[in-house]
Amino acid sequence: QVQLVESGGGLVQAGGSLRLSCAASGRTFSSYAMGWFRQAPGKEREFVAAISRSGNRKYTADSVKGRFTSSRDNAKNTVYLQMNSLKPEDTAVYYCAAKLRDGSSWLPPSNGEEYDYWGQGTQVTVSS
């Protein structure tokens, strides 16, 4: 089992940047492919980004492509989401999620139902 704790959220003006962190404890972090999701009030949960166990493969949703990128540091048991050029529509609670799976280069899916563990979320608010 793994426990996930997100941090780094906050209030930022449009055009600004934030970096979210997701710290993992428990079972070996490098055994998990990781994903980022978000949920705005009144909306369904939305996929944002995913990264393989080794970090050598990653992808982002079209809505954030070119602005957001994920990375990870397995030595620090942490995955990151760098968010640049933030827009008011990026306002949401952001969650990280873990998927236990063989294969260091395997990319996890964009379907949140496939993930095994979730963090509690961190609020990101972008003002116009």
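**Exercise 1. The nonpolar core**

Find which residues of the largest nonpolar core touch the most other members, and which strands supply at least two residues of this core.

*Solution.* Start with the members. The largest nonpolar core of this predicted model holds 33 residues. Met-34, Trp-36, Leu-81, Met-83 and Tyr-94 touch the most other members. Next, take the strands. At least two core residues come from each of β1, β3, β4 (32–39), β5, β8, β9 and β11 (122–127).

Now look at one of these residues, Met-83. Set aside residues up to four places away in sequence. Met-83 then touches Gly-16, Ser-17, Leu-18 and Leu-20. Its list also includes Arg-67, Phe-68, Tyr-94 and Val-124. Tyr-94 is itself among the core residues that touch the most other members.

**Exercise 2. The disulfide**

Locate the disulfide that a search of the whole structure finds. Then work out its handedness and state which parts it ties together.

*Solution.* Step one: count. The search of the whole structure gives one disulfide. Step two: identify the partners. They are Cys-22 and Cys-96, with sulfur atoms 2.0 Å apart. That falls within the 2.5 Å cut-off for a disulfide.

Step three: read the torsion. About the S-S bond of Cys-22 and Cys-96 it is about 55°, so the disulfide is right-handed. Step four: place the ends. Cys-22 belongs to strand β3 (residues 18–26) and Cys-96 to strand β9 (residues 92–100), so the pair ties together parts 74 residues apart in sequence.

Step five: check the burial of each end. Buried means under 20% relative accessible area. Cys-22 has 0% relative accessibility, so Cys-22 counts as buried. Cys-96 also has a relative accessible area of 0% and is buried.

**Exercise 3. The four-stranded sheet**

Derive the strand order of the open sheet of four strands, and name the strands at its edges.

*Solution.* Begin with β3. Strand β1 (residues 2–7) pairs with β3 over six bridges, in the antiparallel sense. Within that pairing, Val-2 stands opposite Gly-26.

Then turn to the other pairing of β3. Six bridges join β3 to strand β8 (residues 78–83), and the two run antiparallel. Two positions fix the register. Arg-19 has Gln-82 of β8 as its bridge partner. Leu-20 stands opposite Leu-81 in β8.

Put the pieces in order. The open sheet reads β1-β3-β8-β7, with antiparallel pairing. β1 and β7 each have a single partner strand, so one side of each is left without a neighbour in the sheet. On average, neighbouring strands of this sheet are turned by 20° against each other, direction ignored.

**Exercise 4. A residue in edge strand β7**

Decide whether Ser-70 is buried or exposed, and list its contacts beyond neighbours within four places in sequence.

*Solution.* Place the residue: Ser-70 lies in strand β7 (residues 68–73). Check its accessibility. The value for Ser-70 is 1%, so Ser-70 counts as buried. Leave out neighbours within four places in sequence and list the contacts. Ser-70 is in contact with Trp-36, Ala-49, Ala-50, Ile-51, Lys-58, Tyr-80 and Leu-81. Of these, Trp-36 and Leu-81 are among the core residues that touch the most other members.

**Exercise 5. Asn-56 and its loop**

Trace the side-chain polar contacts of Asn-56 with Ser-52 and Ser-54, then find its contacts beyond four places in sequence.

*Solution.* Asn-56 sits in the loop between β5 (46–51) and β6 (58–60). Take the polar contacts in turn. The side chains of Asn-56 and Ser-52 are joined at 3.0 Å. Those of Asn-56 and Ser-54 are joined at 2.5 Å.

Now go further along the chain. With neighbours within four places left aside, Asn-56 is in contact with Ser-104 and Ser-105. Asn-56 and Leu-107 are 51 residues apart in sequence, yet 9.6 Å apart in space, C-alpha to C-alpha.

**Exercise 6. Positive phi values**

Compare Asn-77 and Ser-85 by phi, loop and exposure.

*Solution.* Take Asn-77. Its phi is near 55°, a positive value in a residue other than glycine. Asn-77 lies in the loop between β7 and β8. With 29% relative accessibility, Asn-77 counts as partly exposed.

Take Ser-85. Its phi is near 50°, a positive value in a residue other than glycine. Ser-85 lies in the loop between β8 and β9. Its relative accessible area is 41%, so Ser-85 is partly exposed.

Note on methods
Residues are numbered from 1 along each chain as its sequence is written. This is a predicted model: local features need pLDDT of at least 70, side-chain atom pairs count only at pLDDT 80 or more; totals for chains, interfaces and linings use all residues. Side-chain values use heavy atoms; hydrogens and water are left out. Buried means under 20% relative accessible area, exposed over 50%, partly exposed in between (1.4 Å probe, protein chains only). Two strands pair if DSSP finds at least two bridges between them. Contact means heavy atoms within 4.5 Å. Axes are lines fitted to C-alpha atoms, for helices over the stretch in contact, and angles run from 0 to 180 degrees between N-to-C directions. A polar contact is a pair of N or O atoms within 3.5 Å; within protein, one must be able to donate a hydrogen and the other to accept it, and residues adjacent in sequence count only if both atoms are side-chain atoms. A nonpolar core is a set of buried Ala, Val, Leu, Ile, Met, Phe, Trp, Tyr and Cys residues joined through side-chain atoms within 4.5 Å.
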